[in-house]
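Got a few minutes to look over a protein model? Here's a quick briefing to read alongside it.

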Amino acid sequence: MDTPATKTSTTRTIAELRSWLGERLSTAPAVREQHGKDQTWNPGAPPDAVAFVTGTAEVQRIVATCAANGTPVIPYGTGTSLEGHFSAPLGGISIDLSGMNRILEVNAADLDCRVEAGVTRKQLNTHLRDQGLFFPVDPGADASIGGMTATRASGTNAVRYGTMRENVLNVTAVMANGEIIRTGSRARKSSAGYDLTRILVGSEGTLGVITEVALRLYGIPESIVSAVCPFPSVEACCTATITAIQMGLPVARIELVDSEHVKAFNAYSNLDLAVAPTLFLEFHGTAASAQEQAETFMAIAQDLGGGPYRMATREEDRQKLWQARHDAFWATKALMPGKESFATDVCVPISQLAECVTETQRDLAANGLYGPIVGHVGDGNFHVVLYCDRNDAEEFRRVKEVYGRMIERAIAMGGTCTGEHGIGSGKRAYLEREHGPALAFMREVKRAFDPGNVMNPGKNAAI
């Protein structure tokens, strides 16, 4: 059961930590607020203090102190998560891992590396570029590797390269009892024991604090071709995607943006895209194979009324297109000043994608709501960015109801309430609907790993 630490025990924890962290333990209101509220309308709650750490040993010492006093521990990376993952509803100590940003080793011959949790995606790829390597998981924001691991993040490249689940070899973590563990080796496969790596990937800080991550790497493709193609309908976009996937076309990225998002992109990123449901695509390979893939998809698109099909091979042109896609949240937010945003995500089997998206669009229209849609449609994942005035009780009610129906719709179609954002505090209410009796076993795992319930309480499947 979620039980907040007493004021006396929290005061004792802060005093003990300050005795050796000094100025790296902050109780400043602005710092605490920053570490308790994300970019969405999840209410958030500030921790009692924020500890800025520089290594695993410091994290171990903080966790041991907090566990002894029953004080909650909340890991914090870059603050880009979207489901209230790092809020502190019961108070406690936020451990800011951003200072743990060393790339510890790169094994180019084995295509792997090991980094501290605070290393960001862009930092890692900048470091790897001169060795002809890259790390493909791209959630859009320049998130930390530790945070991406903890939330089992995905992104625009997942259709070809997989999510964090497929690309994490092992993690180093500080567990609730203060012990440091490494969950596996550098081997590409193992049959030895329970798969603790997969248990901690996606655990959202509720089982332990991830401090180091070993990752799979890939060679930078010889050639990259990007393309943009408008379609007459969302259904046509989804059908083209399904056709490409089913015929085995190795698309690296395939992203759906609806008409509302295209309007926002044009205004925010100074583009001149046709205002229609559109697919953003990318193909990797040799110069010949990437071009062949792009042309094959063009033929698929033309059969479904898509076009004109625009390709880009120069890096600056490709970067401009994909930066617009990554700025989708801010582009729509710029069109809705004064309203709060609610970034959502669900994931369904790709055969159900067109129906799920169009039913969601009909629901939005019937309720007079602005909710542009964007999605990693190659793996059936899409997002609706909902906007509302929280002070308008009627609009707020309609938004919440549409949101709930979208999740129920996805689960009924054999999908999930979240494909990549995670549960945090924002989606806990939907876990039982999705997992049924299995949720009880998740809670038993939580009790076994963290009997005192100090690790990010109130999140995910936490007690």
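What follows covers a pocket, two helix pairs and a couple of backbone oddities.

Keep in mind that this is a predicted model. The second largest pocket holds about 830 Å³ of space. As for the helices, α14 and α15 run roughly antiparallel, whereas α10 and α13 are roughly perpendicular.

**The second largest pocket**

- If you want to find the middle of this pocket, look for R152, V201, G202, H435 and N460, which are the closest to its centre out of 35 lining residues.
- Four helices each give two or more residues to the lining: α7 (164-167), α8 (196-200), α16 (431-435) and α17 (438-449).
- The lining is a mix, with 14 polar residues, twelve nonpolar ones and nine charged ones.

**Helices α14 and α15**

- Helix α14 spans residues 353-366 and helix α15 spans residues 393-412; their axes sit 10 Å apart and the packing angle is about 160 degrees.
- Angles over 145 degrees count as roughly antiparallel, so that label goes to α14 and α15.
- The handedness of this crossing is right-handed.
- On the α14 side, the contact uses C356, E359, T360, D363 and L364, and these meet V402, R405, M406, R409 and A410 of α15.
- Sorted by class, that contact has four charged residues, one polar residue and five nonpolar residues.

**Helices α10 and α13**

- Here the axes of α10 (residues 259-269) and α13 (residues 328-335) come within 8 Å and cross at roughly 90 degrees.
- The range for roughly perpendicular is 65 to 115 degrees, which is why α10 and α13 get that description.
- From α10, the residues H261, A264, F265 and Y268 meet A328, W330, A331, T332, A334 and L335 from α13.
- There are no charged residues in this contact, which divides into eight nonpolar and two polar.

**Backbone oddities**

- Most peptide bonds are trans, and most residues other than glycine have a negative phi.
- The peptide bond from G307 to P308 is cis, with omega near 0 degrees.
- You'll find P308 in the loop that links α11 (287-303) and β15 (310-312).
- L111 isn't a glycine, yet its phi is positive, at about 55 degrees.
- That leucine, L111, is in the loop between strands β5 (103-107) and β6 (112-116).

Notes
Residues are numbered from 1 along each chain as its sequence is written. This is a predicted model: local features need pLDDT of at least 70, side-chain atom pairs count only at pLDDT 80 or more; totals for chains, interfaces and linings use all residues. Side-chain values use heavy atoms; hydrogens and water are left out. On a 1 Å grid over the protein atoms alone, a cavity is a set of points where a 1.4 Å probe fits but cannot get out, and a pocket is an open set with protein on both sides within 12 Å along at least five of seven lines; lining residues have an atom within 4 Å of a point. Grid points are joined across faces, edges and corners, and a volume is the space filled by probe spheres set on the points. Ala, Val, Leu, Ile, Met, Phe, Trp, Tyr, Cys and Pro count as nonpolar, Asp, Glu, Lys and Arg as charged, and the others, Gly among them, as polar. Axes are lines fitted to C-alpha atoms, for helices over the stretch in contact, and angles run from 0 to 180 degrees between N-to-C directions. Angles under 35 degrees count as roughly parallel, over 145 as roughly antiparallel, 65 to 115 as roughly perpendicular and the rest as oblique. A crossing is left-handed if the near helix is turned anticlockwise from the far one by less than a right angle, and right-handed if clockwise. Contact means heavy atoms within 4.5 Å.
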